[in-house]
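User: I am new to this structure and would like to understand how its open and closed spaces, and the place of its ligand, are described. Could you take me through the terms step by step?

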Amino acid sequence: MSKTLIPSSRGAYEVHVAPGLLQSAGEMCGQLLKTRRVLVVADDEVTATHARTVVEGLQASGLTVSMVSIRAAEIRKTIEVVAQIWSHAMSAGIERSDALVVVGGGLVGDVGGFAAASWLRGVDVVQIPTTLLAMVDASVGGKTAVNVPLPDSVGGGLGKNMAGAFWPPRLVLADPETLQTLPSRHISCGLAEAVKHGLLADPDLLDLIERMGPALVKGSLDGAETIISRAVSIKADIVARDELESGQRALLNLGHTFAHAIEGRPALGLHHGEAVAIGLMAAGALGVQLETMASDALDRLRSLLASLSLPVILPGPCPADQLLERMRFDKKMDQGTMRLIVPQAPCGACIRTDVSDAQVLEAWRSVGAS
Ligand SMILES: NC(=O)c1ccc[n+]([C@@H]2O[C@H](COP(=O)([O-])OP(=O)(O)OC[C@H]3O[C@@H](n4cnc5c(N)ncnc54)[C@H](O)[C@@H]3O)[C@@H](O)[C@H]2O)c1
């Protein structure tokens, strides 16, 4: 069992990681939340399983529980789905002192978190992640968001996470046993974000993922708790220093400015973690150009991602110049200047605002853009 305390503007909260934790989730929420009613926002893939366990635990703690199921799809990560949760909160009589408990992957975590941030101008939220990606990253740090359509001029699709709020949870409970039902493709996705954390701050985590990651993708849970808790502590450390991303928290976006340009293109069929894997390769290629990363470190990254069944090049045709234009819609634009996160050797990253369009285009071409 690992426990990490994260300070935040709404009060410090704990992230617990332990196999079997789901069984005590209801009781832990009941003890922490000074509330009578709870709305569980459940990913529809876990409504009948993991969310049911949580609901039963909450009820056993004497809480009145309602539930709304959400289908996790980027195309449905919209304000309309948030409005659907608000309607359920209305019907359930959720008041300012009540809470939302979100059970699911990062997508439902972001949407449910945003609904909590906005319902009655903010009610408590507990995050119970059930994907590896949500455990190592999305459930921690208080970012919530929905996607917003992009203009047709840059190929349409969705602008990732363009509207949202910082809304720290009251508690995060990660039970690695819930990953037993998660398809292996999504285990790979979670490992992509864990690799990002390793690149940023922890070479030992990279070694661990190199050793244990491929077996995790095949269904083993050996090493899962350690990988999750190490990744959480890296994110916790960065978020504690810069909760609202006025500086160093932007480093957590390593690979993401590239990833967001391709993730919202339905034709590519990429999940978030897969887009991040390609984004890490593009950011690494940029690092090699800017001489902040050695080419053998990029080769090691490519082998590691490939060993985790993650893509390292684009799966379909994409013009590099259009991808560059899509990057300009990223949230990390600052007064018209693109802020890119570039990996540094042997570990770490830096924020660069001096990267030329030609260098970004070359990075895109290194991952297969035309
Ligand atoms: N807020 C943040 O800081 C942050 C950080 C990283 C990513 N994100 C967001 O997280 C999202 C990606 O999250 P994700 O990778 O968890 O994807 P996801 O939430 O889409 O879940 C992946 C799939 O797994 C299913 N699922 C969830 N738990 C399951 C389980 N235990 N068993 C079986 N199926 C299960 C879901 O229904 C979905 O089909 C993106 O929208 C991304 O923008 C947010």
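Analyst: This is a predicted model. One definition is needed before we begin: Ala, Val, Leu, Ile, Met, Phe, Trp, Tyr, Cys and Pro count as nonpolar, Asp, Glu, Lys and Arg as charged, and the others, Gly among them, as polar. With these classes, the lining of the second largest pocket has 12 nonpolar, three polar and two charged residues.

User: What makes a residue part of the lining of the second largest pocket, and which residues lie nearest its centre?

Analyst: A lining residue has an atom within 4 Å of a grid point of the space. The second largest pocket has 17 such residues, and Leu 199, Leu 206, Ala 297, Arg 300 and Pro 346 lie nearest its centre. Of these, Leu 199, Leu 206, Ala 297 and Pro 346 belong to the nonpolar class, while Arg 300 counts as charged. The space itself comes to about 260 Å³.

User: Which helices supply at least two residues of that lining?

Analyst: They are helix H6 (184–201), helix H7 (203–217) and helix H11 (295–307); the largest share, four residues, comes from H11.

User: How do you know which residues are around the ligand, and which come nearest?

Analyst: A residue is counted if one of its heavy atoms lies within 4 Å of the ligand. There are 27 residues around the ligand, and Asp 43, Glu 74, Thr 131, Lys 160 and Thr 181 come nearest. Sorted by class, the shell divides into seven nonpolar, 10 polar and 10 charged residues.

User: Why is the pair formed by Thr 131 and the ligand called a polar contact?

Analyst: A polar contact is a pair of N or O atoms within 3.5 Å. An N or O atom in the side chain of Thr 131 is 2.6 Å from an oxygen atom of the ligand, so the pair meets that definition. Lys 77 also qualifies, with a polar side-chain atom 2.8 Å from an oxygen atom of the ligand, and so does Asp 110, whose polar side-chain atom lies 2.8 Å from a nitrogen atom of the ligand. Taken alone, the ligand exposes 860 Å², and the protein buries 90% of that. Two or more residues of the shell come from each of helix H4 (106–118), helix H5 (132–138), strand E8 (158–166) and H6.

User: Why is the ligand said to lie between domain 1 and domain 2?

Analyst: Domain 1 (2–182) and domain 2 (185–366) both give residues to the shell around the ligand, and therefore the ligand lies between them.

User: What makes a space a cavity, and how many of 30 Å³ or more does the search find?

Analyst: A cavity is a set of grid points where a 1.4 Å probe fits but cannot get out. The search of the whole structure finds three cavities of 30 Å³ or more. The largest cavity holds about 80 Å³ of space, and its lining has 13 residues, with Lys 160, His 260, Arg 326, Phe 329 and Asp 330 nearest its centre. E8 gives the most to this lining, with four residues. Because domain 1 (2–182) and domain 2 (185–366) both give residues to the lining, the largest cavity lies between them.

User: What volume has the second largest cavity, and which strands supply at least two residues of its lining?

Analyst: Its volume is about 50 Å³, and the strands are E6 (124–129) and E7 (143–149). The residues of this lining divide into four nonpolar, five polar and one charged; Lys 143 is in the lining and belongs to the charged class.

Notes
Residues are numbered from 1 along each chain as its sequence is written. This is a predicted model: local features need pLDDT of at least 70, side-chain atom pairs count only at pLDDT 80 or more; totals for chains, interfaces and linings use all residues. Side-chain values use heavy atoms; hydrogens and water are left out. On a 1 Å grid over the protein atoms alone, a cavity is a set of points where a 1.4 Å probe fits but cannot get out, and a pocket is an open set with protein on both sides within 12 Å along at least five of seven lines; lining residues have an atom within 4 Å of a point. Grid points are joined across faces, edges and corners, and a volume is the space filled by probe spheres set on the points. A polar contact is a pair of N or O atoms within 3.5 Å; within protein, one must be able to donate a hydrogen and the other to accept it, and residues adjacent in sequence count only if both atoms are side-chain atoms. Accessible areas come from the Shrake-Rupley method with a 1.4 Å probe; for residues, only the protein chains shown count as cover. Domain bounds come from an automatic or database domain assignment.
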